[in-house]
Structure formats: structure tokens, C-alpha cells
Amino acid sequence: MFLLSSLLRLPRRGLVTAAVASRHRLAQTRPRPGRDGAWCRRTPRQAAVEGAIRVGSGLSLSAFFLFSGEAEKKEEQEGEEGKAKADPEDAIILLLKKAKLKIMKGELEEAERLLHEASWLSQQSSNNAAIIYTYDMMANLAFLRGQLEKAEKLFKATMSYMLAGDVKQDDNAILQISLKLASIYAAQNQEKLALAGYQFCLLTLEEKVAKQKEMPPDTLPEEERVNTHLLLAMSLDSYARYLLAHNQTALAQTMYERALKIAMEVNGERHPQTVVVMNDLATALDAQGLYEEAYAHVSRAAELAQQTQHADTYVILNNLAGILVHKGDYSQATQVYKTALEVAENSGDGVAVRYIRKEMAQLAKRKRRRSKAKDSMEEVDADKERAQGQE
């Protein structure tokens with residue numbers, strides 16, 4: 001079996017500068033937006049980077065973040081700042097909380113500064129738990145900024161600290177970081193390491209899920225069982241996107257089907273992530289020319305997205321329209337594009353609005369060409385009938 005130590009070797013490549021794909025989940029076979037606002041065709045590197053980001057945080061920060069995500073009241077924060085002066089651990093907690101707020105607000109440079117300060121204080125106080133949490137946050141922030149080599153080194157450092165303690169190699173936190181490293185290697189075109197990383201995650205999680213099924217219910221918290229299942233689904237989803245980017249569409253379809261089955265069983269059909277995987281499966285089917293099957297999945301995903309007010313509703317609708325175009329149903333595709341455009345406009349996403357309008361313009365050209373071709377065929381048929389009548 002692939003050894004985890006292989007993931008921890010230091011990289012020999014230079015700095016990788018890759019644009020991080022935006023949250024818009026347009027089908028992998030269709031154009032999608034880059035960070036600079038320009039719409040471009042998605043490359044294997046972009047797909048891999050997005051796969052890494054979608055994994056989410058490698059560690060639970062609940063021990064440090066004592067707030068729900070809303071900005072705390074000024075007086076409460078001032079009280080914490082006074083307390084932090086007397087206790088290094090409280091100071092670290094406060095810095096991490098501030099950094100998280102900065103990330104939520106999109107102030108990434110300030111967040112990085114705060115995390116560096118938290119890292120220094122953690123090192124000075126020899127607080128290994130704080131070092132791990134801080135490194136993990138710094139690594140995820142590097143992900144968001146497209147700094148892949150930096151994220152790679154930070155994730156490796158985080159993992160090394162964890163493994164040096166009591167954390168086991170098959171711990172879910174270790175596996176999440178391993179999945180991110182696999183995605184980074186994919187983005188860096190280090191195919192052997194990427195495949196080995198995906199294999200490690202999938203095989204370890206499949207074995208872990210099997211063992212947990214055999215364990216008595218009272219020996220393991222239900223939450224841990226659920227998290228392990230969802231992490232397996234996440235790994236399948238990430239690997240599927242890697243496969244799609246490398247034109248292994250049939251195998252990608254299998255991975256998506258497995259991920260969707262788990263998502264349906266654990267989260268239910270209406271869960272936002274289930275809807276996303278459903279849409280992704282449609283993408284894999286569409287890439288193979290299986291338009292009817294793709295339509296069945298994406299139309300259901302679009303229906304659920306609209307019912308639940310999914311954040312990516314207009315993206316899924318756009319994918320639905322694209323598959324309708326592939327089916328040759330231009331009339332219905334036009335109506336779906338109009339709906340997608342309206343939702344995008346209401347969401348204030350100018351980039352998506354421009355893209356959907358461009359797609360609608362291209363569809364209008366196709367319809368005109370089809371109409372001209374039909375008229376030409378009708379003229380030919382009419383000429384044949386006249387010729388036969390003369391005979």
C-alpha cells in the first residue's frame with residue numbers, strides 16, 4: 001500500500017502560480033470563470049486546484065473559535081484583548097478568531113499577518129496544539145490565494161506535528177490533509193504523487209468505513225461514522241474531478257456515482273453538497289455523449305437547487321441549458337438560459353451574467369444556422385417535387 005511518508009517529502013519544483021477557480025461550478029467540459037473575472041476554458045490544473053479547495057478545512061477549529069461566525073461586539077472583544085495580555089493561549093485564540101473574521105471579509109493579507117503572529121506566539125509558548133491549528137489555517141489561506149507550494153509545505157508541517165503526537169495515520173484530519181496534498185500534486189502535474197495520494201485516501205477510508213460498520217454502535221460516536229463516510233464521498237468527488245480533467249470520463253462517472261450514493265444516504269437529496277455532486281455526475285455523463293442520462297441528473301439538480309435556493313442555482317441552470325443544447329433542444333435551452341440569467345442578475349454576479357449572455361448569443365447563432373439549413377432543405381425538396389411533376 002502507498003505509504004503516507006511519500007506525501008511528506010519536500011518538493012523539488014519551483015513556485016507554482018495557478019489561478020484558483022472561483023466557486024462557480026460550471027460543467028468541467030464547459031468554460032468557467034477565473035479569479036481575474038475572465039471566463040476561460042477550465043484546465044486540468046484548475047480542476048485539481050478547485051478539487052483541493054473543496055476538501056475544506058483539514059482540522060476542526062472548534063477548540064479555538066468560540067464564536068458562531070458573526071462579528072463580536074466591540075466591548076466583548078476589548079474584554080478578551082485584556083485577558084489575552086495575561087495568558088499566551090488566550091492571545092493565540094484571539095488572533096485566530098480575528099484571522100478567521102478577516103478571511104470571511106476577504107481581507108486575506110491581514111489574515112495572513114495575524115496568523116504569522118499567532119504562529120510565532122505558539123512557537124514561543126511551545127503550544128503544539130496551537131501550532132497545528134495555526135499552520136492548518138495558514139495552509140488553507142494559501143490555498144485560497146493560489147499559493148500551492150506554500151500550502152503544500154504548511155500542510156506537510158501540520159501533518160508532521162500531528163503524526164509526532166498521538167494522531168494516527170488513518171485519522172480523518174490526516175486524511176483530509178492527504179487529500180489536499182494529492183490535489184496540489186495534481187495541480188503541479190506531479191501525476192505519480194497525485195495518484196498515490198488519491199489511492200491512499202480512498203483505500204484507507206474504504207477500509208476504515210468497513211471496520212466501523214462492524215463495530216458495535218456504542219463503541220464509536222455516530223458523528224465520527226458519518227464524518228468518515230462523508231470524507232470518503234469527498235475523496236471520490238475530488239478524484240473524479242481529477243479523472244475528468246484527464247479525460248477518463250467513464251471512471252470519473254463511477255467515482256461520482258459512488259460519491260452521490262453516499263451523499264444521498266448521509267445528507268439526503270436536498271443537501272447543497274448532494275446537489276453539487278448530482279450536477280457533477282451529469283457533467284461526466286455529458287462528456288461521454290450520454291445526454292439523456294446527463295439531462296436526468298442535471299434537471300433534478302436544477303429543480304432541487306431552485307427549491308432550496310442553492311448558492312449555485314444559476315450555474316446548475318447554465319449546465320442544464322448546455323446539456324439541452326447538446327440534445328438539440330434549442331427552444332427549451334433558451335428558456336433555461338433566460339432563467340439562469342435572471343437568477344445570476346438577482347445574485348449580483350456580473351461575471352456569470354456576461355457569460356450566460358454570451359452562451360445565449362452563441363445559441364441564437366446556432367438556431368439561425370439551423371433555420372437556414374432547414375430552409376435550404378425545404379427548397380431542395382420543393383425543387384425535387386417540381387422536377388417530378390414535370391416528368
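**Helix H13 and charged surface patches**

Helix H13 is mostly covered, with 13 of its 15 residues buried. The model analysed here is a predicted one. H13 comprises residues 313-327, and at 1.5 Å a residue its 15 residues should span 21 Å; the C-alpha atoms at its ends lie 21 Å apart, which agrees with this expectation. Just after H13, glycine 328 adopts a positive phi of about 90 degrees.

Helix H12 covers residues 291-308 and contains glutamate 303. The relative accessible area of glutamate 303 is 37%, so this residue is classed as partly exposed, given that the partly exposed class lies between the limits of 20% and 50%. A distance of 8.9 Å separates the C-alpha atoms of glutamate 303 and leucine 317, which are 14 residues apart along the chain.

Charged residues gather on the surface in patches of either sign. A patch of positive charge is formed by Lys365, Arg366, Arg368, Arg369 and Lys372. One of these residues, arginine 366, is placed in helix H15, which runs over residues 350-390. Arginine 366 has a relative accessibility of 35% and therefore counts as partly exposed.

A patch of negative charge on the surface consists of Asp170, Asp171, Glu223 and Glu224. Among them, glutamate 224 belongs to helix H9, residues 222-245. With a relative accessibility of 33%, glutamate 224 likewise counts as partly exposed.

Technical notes:
Residues numbered from 1 in each chain as written. Predicted model: local features only at pLDDT ≥ 70, side-chain atom pairs only at ≥ 80, totals over all residues. Heavy atoms only, no water. Patch = residues over 30% accessible without salt bridge, like charges linked within 9 Å, V, L, I, M, F, W, Y side chains within 5 Å. Areas by Shrake-Rupley, 256 points an atom, 1.4 Å probe, with all protein chains shown as cover. Salt bridge = Lys/Arg side-chain N within 4 Å of Asp/Glu carboxyl O. Lys, Arg positive; Asp, Glu negative; His and termini not counted. Charge placed at Lys NZ, Arg CZ, Asp CG, Glu CD. Helix = DSSP H or I, 4+ residues; strand = E, 2+ residues; numbered from the N terminus. Buried < 20%, exposed > 50% of the residue type's maximum accessible area, 1.4 Å probe, protein only. Expected span 1.5 Å × (residues − 1).
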